[in-house]
Amino acid sequence: MAEDASRALGKGSHPPGPVPEGLIRIYSMRFCPYAHRTRLVLQAKGISHEVININLRNKPDWYYTKHPFGQIPVLENSKCQLIYESVIACEYLDDAYPGRKLYPFDPYERARQKMLLELFYKILSYQNTVFFGGPCISMIDYLFWPWFERLDVYGIADCVNHTPALRLWIAAMKRDPAVCALLIDKNVFLGFLNLYFQNHPEAFDYGLSC
């Protein structure tokens, strides 16, 4: 089970209290690839955090004070500062917290990763190492990964069969501790999608035991 196994809050719910000192809060949704990006960075950097899941089909009124359009993810710290948009949130976490840096220190390499992100659909022509940013996993890999993790769920995993380098990258990513910590079982994901497309009120909590 992923580390954010809490039920999604919807309309009529009470807003959570202040973020405790020493923690950062992420407003998330268990199956959202954009929130997944940010949770990967939280895991990879070992940042103490709490997860508040939001029901995106039945958003709490109070959530619009966290994001003007009610989108996820949003980070909130103990100073009541809010950071949203997944790439911006990931960069904030890398800059604001100590430990392993996921973006390169070198200004060119940092810019190169951002250019590769902009060229998402043309990325393969730039890959000449196991990971997209070099010999070790870095921010760009975490920013791409949520969509590749979902290929099997959507029944299109064979679309990478003709790209040996990409298959090697996927295998390497599946061994990463942060990726492993957040993996959601395929059947749970399919159950969520089934209920989601039926507009079922329990879709966002599918697979939770409580």
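In this predicted model, cysteine 80 is found in the loop that joins strand S3 (74-77) to strand S4 (82-84). The phi angle of cysteine 80 is near 65 degrees, a positive value in a residue that is not glycine. With a relative accessibility of 55%, cysteine 80 counts as exposed, because the cut-off for that class is over 50%. A positive phi also occurs at asparagine 199, where the angle is near 55 degrees and the residue is again other than glycine. Asparagine 199 belongs to the segment after helix H7 (186-196), and at 56% relative accessibility asparagine 199 counts as exposed.

A further backbone feature is found in the loop between strand S2 (49-53) and strand S3, where proline 73 lies. The peptide bond leading from isoleucine 72 into proline 73 is cis, with omega near 0 degrees. Arginine 57 lies in the loop between S2 and S3 as well, and its relative accessibility of 40% places arginine 57 in the partly exposed class. The C-alpha atom of arginine 57 is separated by 17 Å from that of valine 74, a residue 17 places away along the chain. When residues up to four places away in sequence are not counted, arginine 57 touches Tyr196, Asn199 and Phe204; of these, Asn199 is the residue described above with a positive phi.

Two of the residues touched by arginine 57, Tyr196 and Phe204, also belong to a cluster in which ring pairs link Phe31, Phe189, Phe192, Tyr196, Phe197 and Phe204. Within this cluster, tyrosine 196 is partly exposed, with a relative accessible area of 26%, whereas phenylalanine 197, at 63% relative accessibility, counts as exposed.

Across the whole structure, a search finds 15 aromatic pairs. One of them is formed by phenylalanine 132 and phenylalanine 144, whose ring centres are 5.2 Å apart and whose planes stand at 85 degrees, so that the pair is classed as edge-to-face. Phenylalanine 132 lies in the loop between helix H3 (107-118) and helix H4, while phenylalanine 144 lies in H4 itself, and the pair therefore ties together parts that are 12 residues apart in sequence. Both phenylalanine 132 and phenylalanine 144 are buried. Tyrosine 196 and phenylalanine 197 likewise form an edge-to-face aromatic pair, with 5.5 Å from centre to centre and 80 degrees between the planes.

The loop between H3 and H4 also holds glycine 133, which is partly exposed, with a relative accessible area of 22%. The C-alpha atoms of glycine 133 and arginine 112 are separated by 8.5 Å, although the two residues are 21 places apart along the chain. With neighbours within four places in sequence left aside, glycine 133 is in contact with Arg112, Gln113, Ser138, Ile140 and Asp141.

Helix H4 (residues 139-149) also packs against helix H1 (residues 33-45), the two axes coming within 9 Å and crossing at roughly 135 degrees. H1 and H4 are therefore oblique to each other, and H1 passes H4 in a right-handed crossing. The contact is made on the H1 side by Pro33, Tyr34, His36, Arg37, Leu40, Val41 and Ala44, and on the H4 side by Met139, Tyr142, Leu143, Trp145, Pro146, Trp147 and Glu149. By class, the residues of this contact comprise 11 nonpolar, 1 polar and 2 charged.

Helix H1 has a second helical partner in helix H2 (residues 86-96), and here too the axes come within 9 Å, but they cross at roughly 10 degrees. Because an angle under 35 degrees counts as roughly parallel, H1 and H2 are assigned to that class. In this contact, Tyr34, Arg37, Thr38, Val41, Leu42 and Lys45 of H1 meet Ser86, Val87, Ala89, Cys90, Leu93 and Asp94 of H2. The residues involved divide into 7 nonpolar, 2 polar and 3 charged. Tyr34, Arg37 and Val41 are among the H1 residues that contact H4 and are likewise among those that meet H2.

Conventions. Residues are numbered from 1 along each chain as its sequence is written. This is a predicted model: local features need pLDDT of at least 70, side-chain atom pairs count only at pLDDT 80 or more; totals for chains, interfaces and linings use all residues. Side-chain values use heavy atoms; hydrogens and water are left out. Axes are lines fitted to C-alpha atoms, for helices over the stretch in contact, and angles run from 0 to 180 degrees between N-to-C directions. Helices (H or I, at least four residues) and strands (E, at least two) are DSSP runs, numbered from the N terminus. Angles under 35 degrees count as roughly parallel, over 145 as roughly antiparallel, 65 to 115 as roughly perpendicular and the rest as oblique. A crossing is left-handed if the near helix is turned anticlockwise from the far one by less than a right angle, and right-handed if clockwise. Contact means heavy atoms within 4.5 Å. Ala, Val, Leu, Ile, Met, Phe, Trp, Tyr, Cys and Pro count as nonpolar, Asp, Glu, Lys and Arg as charged, and the others, Gly among them, as polar. Rings of Phe, Tyr and Trp (its six-membered ring) pair if their centres lie within 6.5 Å; planes under 30 degrees apart count as stacked, over 60 as edge-to-face and the rest as tilted. Buried means under 20% relative accessible area, exposed over 50%, partly exposed in between (1.4 Å probe, protein chains only).
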